[in-house]
Amino acid sequence: MATPKENFLRLMRNDNPKWLGDPWDCYCQGPIMGPIILDAITMTQGRPNPGEGMGRDRWGILWDWPAGQPGAIPVAGEENLVLKDIHEWREKLNFDNLPPEQAIPWGLVSKVNPPFDRENKLLMVPSFMGMFEFAHLVLGFEQALIDFLDEPEEMFAMLSAYTDWKIRTIGMIIDHMQPDIIHSQDDWGDKRRIFLPPTVWREQVKPHYERFYGYIKSRGVLIQHHSDCVNDEVAEDMVDLGIDMWQGVIPQNDIRGVIERTEGKLCIMGGFDMQLIDYPETKDEDIRAYVRKIIDTYMPLGSFIPTVTNVTPIHKHVEIAVHDELNRYGAEYAAKHF
């Protein structure tokens, strides 16, 4: 019998998996973000913890996380911007904002988390705030979009410096934690389309990921790129970048077309539109019917793993029903098709 770790890798590679269930069960689990195990650099970034209210991170970005909200959100408003002019980035952004490597509290990881079962489970650590998100978080969303078009050289230079920082940081994390997977997060669009014209995205965003993901692959680590929005126009580019899994794929994408065009080289993780089911009043039977629909619609295509796009549903009863039905109906599906 394949271990959970082995089986997930078989699912990812469309290589004769032995069973189907909630894929996050194949990962080491932590108490903060479940299958995403926070590293010491992320844990000390300065962003507020649940219910703490407002706080600025190491870049000066202001976040708010009031009690009852599922996550921290950036606080909009010109008065809160880190940069009011793209030309200020060299003076106002500190890319030497980490202590010496030996002074980073790496022991936090083992203090917060239970022992990891590395033999049977996958260890995944995050790289939050991707290139596009960093740009609009320090500049404001509208100004970032303008600067991608009107100030391409300055934007490229700023993101090059940020990419250098991410490579240096992820190198330390790999050295200290030896993860199997990096969960890299960058939402490039909304539920309708990618924000930047694909030609501009390829000129202004893709080159930085070529360097960043090229480094991760050189270290022998898998890449799970989270982007729960419409990105199907650049799916082939994701293959070029060495992305192993596009996680968070919403059904507004042409999932069938992506799998066909990428010839199974890009594993699709997702398929759920959580805005259809993640509510306090959603009935258990409706949640389970939706899970079965996702499996029946997309699993026959291959190179697909059904997962909740935001990793964990907001409402507990939704989380319980989704998890249970993925395992229950997943076992039925696997018995018939694997």
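With which side chain does the side chain of Asp 278 make a polar contact? The partner is the side chain of His 315, at 3.1 Å; a polar contact is a pair of N or O atoms within 3.5 Å, where within protein one must be able to donate a hydrogen and the other to accept it, and residues adjacent in sequence count only if both atoms are side-chain atoms.

The model is predicted, so local features need pLDDT of at least 70 and side-chain atom pairs count only at pLDDT 80 or more, while totals for chains, interfaces and linings use all residues. Residues are numbered from 1 along each chain as its sequence is written, and side-chain values use heavy atoms, with hydrogens and water left out.

**Asp 278**

Asp 278 lies in the loop between strand S8 (267-271) and helix H12 (284-298); helices (H or I, at least four residues) and strands (E, at least two) are DSSP runs, numbered from the N terminus. Asp 278 is buried but has no salt bridge, and the nearest side chain of opposite charge, Lys 316, is 11 Å away. Buried means under 20% relative accessible area, exposed over 50%, and partly exposed in between (1.4 Å probe, protein chains only). A salt bridge is a side-chain nitrogen of Lys or Arg within 4 Å of a carboxyl oxygen of Asp or Glu. For charge, Lys and Arg count as positive and Asp and Glu as negative, whereas His and the chain ends are not counted. Beyond its neighbours within four places in sequence, Asp 278 is in contact with Asn 310, Pro 313, Ile 314, His 315 and Val 318, contact meaning heavy atoms within 4.5 Å.

**Strand S6 and its surroundings**

Five of the five residues of strand S6 (residues 222-226) are buried, so S6 is largely enclosed by the rest of the structure. In a regular strand the side chains alternate between the two faces of the sheet. In S6, Leu 222, Gln 224 and His 226 are buried on one side, and Ile 223 and His 225 are buried on the other.

Strand S5 (residues 181-185) pairs with S6 in the parallel sense over five bridges, two strands being paired if DSSP finds at least two bridges between them. Within this pairing, Ile 181 has Leu 222 as its bridge partner in S6. S6 also pairs with strand S7 (residues 245-249) in the parallel sense, over three bridges, and His 225 has Trp 246 as its bridge partner in S7.

The buried residues of H1 are Lys 5, Asn 7, Phe 8, Leu 9, Leu 11 and Met 12. Their cover includes S5, S6, S7, S8 and S9.

**The S1-S2-S3 sheet**

An open sheet of three strands follows the order S1-S2-S3 with antiparallel pairing. Strand S1 (53-56) and strand S3 (73-74) are at the edges, each with a single partner strand, so one side of each has no neighbour in the sheet. S1 is joined to strand S2 (residues 62-65) by four bridges, and Gly 55 stands opposite Trp 63 in S2.

**Positive phi values**

Most residues other than glycine have a negative phi. The table lists two residues that depart from this sign.

| Residue | Phi | Loop | Relative accessible area |
|---|---|---|---|
| Asn 16 | about 55 degrees | between helix H1 (4-13) and helix H2 (40-43) | 47%, partly exposed |
| Val 311 | about 70 degrees | between strand S9 (304-307) and helix H13 (316-337) | 13%, buried |

Just after H1, Asn 14 also takes a positive phi, of about 55 degrees.
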